[in-house]
Structure formats: C-alpha cells, structure tokens
2 protein chains.
Amino acid sequence: MTLPERTVERLSEYRRSLLQCLEEGKTHIFSHELAELHHNTAVQVRRDIMFIGYSSTQRKGYDVRELVDVIANILDSEKGLNVAVIGVGNLGRAVTTYFVGKRSKLNIIATFDVDTTKIDRVISGVKCYPLSRLKEVVEANQISIAIMTVPADSAVEMAAQLVEAGITGLMNFTTVPLNVPREVYLDEYDMITSLEKVAYFVKSPRE
Amino acid sequence: MTLPERTVERLSEYRRSLLQCLEEGKTHIFSHELAELHHNTAVQVRRDIMFIGYSSTQRKGYDVRELVDVIANILDSEKGLNVAVIGVGNLGRAVTTYFVGKRSKLNIIATFDVDTTKIDRVISGVKCYPLSRLKEVVEANQISIAIMTVPADSAVEMAAQLVEAGITGLMNFTTVPLNVPREVYLDEYDMITSLEKVAYFVKSPRE
DNA sequence: TTGAAACTGTGATTTAATTAACAATATTTC
DNA sequence: GAAATATTGTTAATTAAATCACAGTTTCAA
Ligand SMILES: NC(=O)c1ccc[n+]([C@@H]2O[C@H](COP(=O)([O-])OP(=O)(O)OC[C@H]3O[C@@H](n4cnc5c(N)ncnc54)[C@H](O)[C@@H]3O)[C@@H](O)[C@H]2O)c1
Ligand SMILES: NC(=O)c1ccc[n+]([C@@H]2O[C@H](COP(=O)([O-])OP(=O)(O)OC[C@H]3O[C@@H](n4cnc5c(N)ncnc54)[C@H](O)[C@@H]3O)[C@@H](O)[C@H]2O)c1
C-alpha cells in the first residue's frame, strides 16, 4: 500500500521537526504540538500517523525517537538512493551545494553538463561528467533519481535520455511539462507558476 | 470570486504554452491539444476555462490570442507587482538572475541581505540593500511580494519583519514552516520534502 | 440539406482529502 | 479510588477536486 502524496510530504516535514525536538531533548510530543509546528491540525497529524500504523503507548504523546524511526522506515531506503544533478548552471550549482551532506540517505554523487568547460569540475565534492557518459555513470553508480536543471529547450530531450538511462525518479525544475512512463515518478516544480500564483492571490485575496 | 489554487496554477502554465503557440503562428487550439501539452485531460482544461468565463466562439477551438488576454486579465495586475528577494546566497542569486526580465508584470526590483560585503552589489541590474532599510525600500517602491531565501534560522524572524514591512505575498524557500496573518498569501516550497517524496515513490512505486 | 463527426460546456457522479465528532483510555486531582 | 481532564484512534460527515456522461453546437462530406 502506498501512502497519499500529501501524507508523504507531511511525514518528511514532521521528521525534521521531530529531529529538532530530539536535539532539544524533547522525548514526547502531542499531536497538537506537532500540528502547531507545521500549519495544520492535530487531527491531520493523527490521521497521518495512523496511516503509517504507529500508535503511542502512553497518553504522554508520541515517543519522538520511535516516531522518527517509523518515519525513516517509510521514507528512507535501506542503503540510501543515489542522485544526479543534470545541468550545472546557477540553479544546478545551488541545489548541489545545498544537498550535499544534507540527507544521509540521499547522496548526490554526480552532475552532468554539456558545457565542456564544466566537465571534471568539482562542486562540493561532486564531479561533473559529460552527457555522453550519462548511461554509463548512472548504471555504474546505481543512480535512481535525477534533478533536472537544464535550459527549457533541452528539457524534453533530456528527460527521454534520463529515462532511457534508467532513472526512476525525476525532479523537474525546468518550466517545461514532461511526459514520462508511469513507472518513473515525476515531480515538477514550476517557479514561474508559483510566483504568478502568489501574484494572483496578492491581487485577489481570498475574502 | 477567487479561483481554486490548482486552476490558477494551470492557467499560468496554459498561458506559457499559448504564448508559445502564438510564436509558432498557431491561432486556435482545442482543449485536448492544450491538455496534451500539460499532463491533464481535455475536460480539465475546459473546466478551467469555464471558471474564467471564457468561451470559444467557433468550434475551431479556442482563439489563442483571446485566451491569452483573458488569462492575463485574471493573473496579471494592471501595473505589475514589485518583488524583492531576501537573502542573496546561492539560491537567491539564481532566482534573481532567473526572474529578471522574465515576466513583464513581475519586477524584481530589490534584494536584501545582512552580509555587509553584499550590500550595494548589483545582480542582473538589481541592487542589494541592507536589511535595516527594508521597510523604507518596500514602501518607497510598493513592493508587495517577497521571495525568501535566507538561512533556516533567520526564517521566522525574517517573515515577521516582511509582514511588518507590508508584504502581502510571500514565497518561502527555506524549509521552515511559517505562520503569517491570513491576509498575507504564503507559498512554501520545501525542496527537501520534494526530494524525499520522489525517493519514497522510487522506493514504493504506486501499485 | 442531411447525417455523421468533432468539440464544447456543464450538470451529475466519483474520488480524494480534510475536518468533525466522539468513544476509549490513560493521567491527574482530590 | 472516583471524578475530572487530556489525549488518542477511528468512524462518519464534509468539502474540494477531478472525472464522467451527454446534450447542444458547428463543421464537414456527400
Ligand atoms: N535559476 C533559477 O532560479 C531557476 C528557477 C526556476 C527554474 N529554473 C529552470 O532551471 C533551469 C536552469 O536554470 P539556470 O538558471 O540554472 O540556467 P543556467 O543557464 O544557469 O544553467 C543551465 C546549465 O545547463 C547546461 N546545459 C545546457 N544544455 C544542457 C543539456 N542538454 N544537458 C545538460 N546540461 C545542459 C548549461 O551548460 C548550464 O550549465 C532552466 O530550465 C530554468 O527554467 C531556474
Ligand atoms: N540552495 C538551494 O538550492 C536551496 C534549496 C532549497 C532550500 N534552500 C533554502 O534557501 C535558503 C538559502 O539557501 P542558500 O543555499 O542560498 O544559502 P546561502 O547561505 O548561500 O545564502 C543565504 C544568504 O542569506 C543571507 N542572510 C543570512 N541571514 C540573513 C537575514 N537575516 N536576512 C537577510 N539575509 C540573510 C546570507 O548573507 C547569504 O547571502 C536556506 O534556507 C535553504 O534552506 C536552498
């Protein structure tokens, strides 16, 4: 059984707050506390936790440590997953720098670019490969996720190559909608759309 | 009446495809064509277009020019909106560079940072101001939208300052959930969560 | 000019997600 | 240790979003 997308997202968010709690020495947390940290309700939190089949033993709230472990069990892959960044421009560099070392179960281990001046350059310890070596490097390193930050006009072609290379998860930051086979999970973030949406609601606030 | 969020997003996306069509000299488009360009259905497209009260006169599909204008009327503010980027690090720089000149109705006209070495520096024609001048510059330039790319630990404090300065639309790229008054529209993009979601669905594909 | 084909616009239905409501149970208070 | 309180887990109700189904054009082909 797979969880609803929104629940998966919230679990990821909860986990970060929970880890924060652990650091602060907080061992138990109530649903309404966790809700308050994110902007949602206690019921929503309990519903999400119900989905993952965890339940608190005492009425002292959830055991933070246990809950973190259960979430990790759901979200993380045992051995971690390997990730590549495609297109090492402004955004690609920012993302690479940002993610390296951030999540122990998600390792950015390669970047790719067409620009020959970028090949072999190392960003935050991650080496840049030429596109011609895409399939080879993906296979050799069992890379399953690609973050795509190439220019819009290469997006469609690039996505096809990534699928062909064996990628099964794709984060698309270009503002070009992509089509991928059902077995590849696609997440698209369109920053222009987000900004235009903000602008719309600034112009026309919800009463 | 305000439109559903998802409809607003799709309208933004449709518009870009439609502008592309215009460039290619395509004057009319069917709902199923537009649907195919994005990953959704013809009914969804028609439903969205119905929401904005446009209807095609002929059965040659929608008039692209007209539709673009109707969408612009919905999404854009007459005189455009002014935008500031807060925190000119890796991401802030990428975003600023990216957006300048991109959308004529959304003008990035200032950036802000605490780092004194960044003050007065100009990125893509946009000047960086010290935080101490936030309110002044926001008011003087009628900035209504802020894109927040500051480190996580300044996020909450910064959001409060932005609201206080009069911002009514906020895009939050920090991975810290924020609370803002109802009258401020908040859009949060949590890249870690997105990546973890992709990882989850790579690990546990849907059915 | 008639009949089929191609699309649109929209009520009705379905599905997914959220929220409400509350019984069950542990904890605290007296 | 009985009553009051706090919190969870879950069923039921609500809301929001997407999809179905189809009547009503318009166009086209003969
Ligand atoms: N910069 C941003 O903040 C931002 C925001 C939203 C969306 N985006 C999108 O992200 C993408 C990249 O933006 P950017 O600002 O980093 O652009 P950029 O021009 O700085 O970087 C693009 C990089 O991709 C490389 N490249 C070009 N063709 C390639 C290919 N076929 N395969 C691999 N690499 C290739 C280029 O050499 C360059 O290094 C664009 O599609 C843009 O629409 C960027
Ligand atoms: N880089 C990415 O791709 C990426 C991805 C997802 C999320 N984020 C988030 O975006 C934020 C910025 O990331 P980054 O990689 O650009 O970091 P960065 O360290 O490169 O940049 C942060 C910038 O903010 C400035 N700053 C610090 N405190 C400030 C304050 N109180 N007010 C204004 N400016 C301040 C710093 O001087 C610096 O210029 C972080 O919260 C990060 O979690 C970044």
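**Note on the predicted model: DNA strands, helix 3 of chain B and ligand 2**

1. Of the atoms of DNA strand C that come within 4 Å of the protein, 61% are sugar or phosphate atoms, and the rest belong to bases. The model under discussion is a predicted one. Around DNA strand C there are 20 residues, of which Ser31(B), Arg46(B), Arg47(B), Ser55(B) and Tyr62(B) come nearest.

2. Polar contacts to DNA strand C involve both backbone and side-chain atoms of the protein. An N or O atom in the side chain of Arg47(B) is 2.5 Å from a base oxygen of this strand. Phosphate oxygens of DNA strand C lie 3.1 Å from a side-chain N or O atom of Lys60(A) and 3.0 Å from a backbone N or O atom of Ser56(B). Two or more residues of the surface near this strand come from each of helix 3 of chain A, helix 2 of chain B and helix 3 of chain B. Helix 3 of chain B gives the most, with 4 residues. By type, the residues near DNA strand C divide into 6 nonpolar, 7 polar and 7 charged.

3. For DNA strand D, the surrounding residues number 19, and Ser31(A), Arg46(A), Arg47(A), Ser55(A) and Tyr62(A) come nearest. Sugar and phosphate make up 63% of the atoms of DNA strand D within 4 Å of the protein. The elements supplying at least two residues each to the surface near this strand are helix 2 (31-37) and helix 3 (42-51) of chain A, together with helix 3 of chain B. That surface comprises 5 nonpolar, 7 polar and 7 charged residues.

4. Side chains from chains A and B make polar contacts with DNA strand D. Base oxygens of the strand are found 2.6 Å from a side-chain N or O atom of Arg46(A) and 2.9 Å from a side-chain N or O atom of Arg47(B). A phosphate oxygen is 2.8 Å from a polar side-chain atom of Tyr62(A). The side chain of Arg47(B) thus merits inspection at both strands, with a base oxygen of DNA strand C at 2.5 Å and a base oxygen of DNA strand D at 2.9 Å.

5. Helix 3 of chain B (residues 42-51) has Ala42(B), Val45(B), Asp48(B) and Ile49(B) as its buried residues. Viewed down the helix axis, these residues fall within an arc of 125°, so they line one face of helix 3 of chain B. An α-helix has 3.6 residues a turn, so residues three or four places apart point the same way. The cover over the buried residues of helix 3 includes helix 1 (5-23), helix 2 (31-37), strand 2 (62-63) and helix 4 (64-75) of chain B. On the face turned away from the buried side, Val43(B) and Met50(B) are exposed. Just after the helix, Gly53(B) adopts a positive phi of about 75°.

6. Ligand 2 lies between chains A and B. Its shell holds 22 residues, the closest being Tyr98(A), Leu91(B), Asp113(B), Lys118(B) and Val150(B). Helix 5 (90-99) of chain A and helix 5 (90-99) of chain B each supply at least two residues of the shell, and the largest share, 3 residues, comes from helix 5 of chain A. The shell residues divide into 13 nonpolar, 6 polar and 3 charged.

7. Oxygen atoms of ligand 2 take part in polar contacts with chain B. One lies 2.6 Å from a polar side-chain atom of Lys118(B); polar backbone atoms are at 2.8 Å for Leu91(B) and, as an N or O atom, at 3.4 Å for Ala152(B). On its own, ligand 2 has 820 Å² of accessible area, 84% of which the protein covers.

Definitions and conventions. Residues numbered from 1 in each chain as written. Chains lettered and ligands numbered in written order. Predicted model: local features only at pLDDT ≥ 70, side-chain atom pairs only at ≥ 80, totals over all residues. Heavy atoms only, no water. Buried < 20%, exposed > 50% of the residue type's maximum accessible area, 1.4 Å probe, protein only. Arc of directions from axis to C-beta. Contact = heavy atoms within 4.5 Å. Near = heavy atom within 4 Å. Polar contact = N/O pair within 3.5 Å; in protein donor to acceptor, adjacent residues only side chain to side chain. Nonpolar A, V, L, I, M, F, W, Y, C, P; charged D, E, K, R; others polar. Areas by Shrake-Rupley, 256 points an atom, 1.4 Å probe, with all protein chains shown as cover.
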